[in-house]
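Work through the exercises below with the model open in a viewer. Each task is followed by a stepwise solution.

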Amino acid sequence: MDFRLIKRKFEEDGYVFLPGFLSEEEVAEVNRRLEDFIENTVPGLPVSDVFYEDKNDPATLKQIMHVSDHAPYFAPMLNDSKFSRIAGELLEDTVVPKILEYFNKPPKIGKPTPPHQDGYYFMLKPAKAVTMWMALEDVDEANGCVRYVRGSHKLGMRRHGRTQTLGFSQGITDFGLPEDLENEIAFPARPGDLLIHDSLTIHRADGNQTTDRTRKALGFIYFGASAQEDVEAKAAYQAQLRQEMRERGELVSE
């Protein structure tokens with residue numbers, strides 16, 4: 001697929017699917033490095049950077065933040081790679097690499113990812129950013145593939161509200177409108193397949209309904225250098241979040 005077609009699909013749909021972005025050999029090396037990182041480094045990471053479905057069970061690991069900061073092998077993947085180059089071409093801007101994350105949905109207990117727009121968390125003016133999601137193993141509807149609402153990036157920011165999903169505190173409150181369901185498309189993926197979406201594209205994922213399969217992936221986030229953080233909006237969001245936490249008894253003091 002030539003880049004002109006990739007760019008056109010991205011602008012029209014709000015996402016693009018690039019099968020085989022990494023080779024089988026490259027994915028095998030990434031998985032080997034991740035296994036070593038998870039076994040030898042993750043147990044000592046700050047609790048703010050590691051999330052489990054059950055914090056008492058290491059086998060339920062669901063998310064690791066700032067992977068490239070904690071594991072030097074992954075820093076070039078985020079900062080100077082074909083991932084960052086295609087981000088710059090899609091954004092038509094100098095890219096600012098922000099974070100490389102690891103995601104998993106453990107068998108039976110991997111929870112759904114609520115429908116949301118990444119831009120709600122980013123709070124940029126303009127909302128110039130992309131997120132990349134790369135499968136590290138076979139992913140389908142049974143173990144929680146990504147679902148996009150085609151064209152939703154053209155319709156602005158939807159209202160978000162607090163969820164109970166660890167790692168995804170905000171979700172779209174009125175998701176499920178006819179236009180959402182009519183335009184939603186599921187994306188099963190093979191190891192090395194890459195999905196890229198605009199920061200305003202609505203997306204979600206089902207939980208892992210299987211009994212013996214994980215759902216491992218890497219996430220890359222890039223901002224356009226011309227985008228500026230909306231300080232007022234971020235302050236308002238943090239104040240709202242603190243109030244909601246107080247109401248739920250999750251925040252005793254500050």
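**Exercise 1: H66**

H66 is partly exposed, with a relative accessible area of 28%; buried means under 20% relative accessible area, exposed over 50%, and partly exposed in between (1.4 Å probe, protein chains only). The model is predicted: local features need pLDDT of at least 70, side-chain atom pairs count only at pLDDT 80 or more, and totals for chains, interfaces and linings use all residues. Residues are numbered from 1 along each chain as its sequence is written, and side-chain values use heavy atoms, with hydrogens and water left out.

Task: locate H66 and state the sign of its phi.

Solution.
1. H66 sits in the loop between β3 (61-64) and α3 (67-70). Helices (H or I, at least four residues) and strands (E, at least two) are DSSP runs, numbered from the N terminus.
2. Its phi is positive, about 55°, although H66 is not a glycine.

**Exercise 2: M123 and P126**

Task: find where M123 lies and classify it as buried or exposed; then give the geometry of the peptide bond from K125 to P126.

Solution.
1. M123 belongs to the loop between α6 (118-122) and β6.
2. M123 has a relative accessibility of 9%, so it counts as buried.
3. The phi of M123 is near 55°, a positive value in a residue other than glycine.
4. The bond from K125 to P126 is cis, with omega near -10°.
5. P126 is placed in the loop between β6 (124-125) and β7 (129-135).

**Exercise 3: helix α5**

Task: determine how many residues of α5 are buried, and describe what is found at S81 and E92.

Solution.
1. Helix α5 covers residues 82-91, and seven of its 10 residues are buried.
2. The buried residues are F83, S84, I86, A87, G88, L90 and L91.
3. At the N-terminal end, S81 acts as a cap, with a side-chain oxygen 3.2 Å from the backbone nitrogen of F83.
4. Just after α5, E92 has a positive phi of about 55°.

**Exercise 4: D206**

Task: which side chains form polar contacts with that of D206?

Solution.
1. D206 lies in the loop between β13 (203-205) and β14 (217-224).
2. With a relative accessible area of 18%, D206 is buried.
3. A polar contact is a pair of N or O atoms within 3.5 Å; within protein, one must be able to donate a hydrogen and the other to accept it, and residues adjacent in sequence count only if both atoms are side-chain atoms.
4. The side chain of D206 has a polar contact of 3.0 Å with that of R147, and one of 3.0 Å with that of R204.
5. Leaving out residues up to four places away in sequence, D206 touches K105, K111, P112, E141, G144, C145 and R147, where contact means heavy atoms within 4.5 Å.
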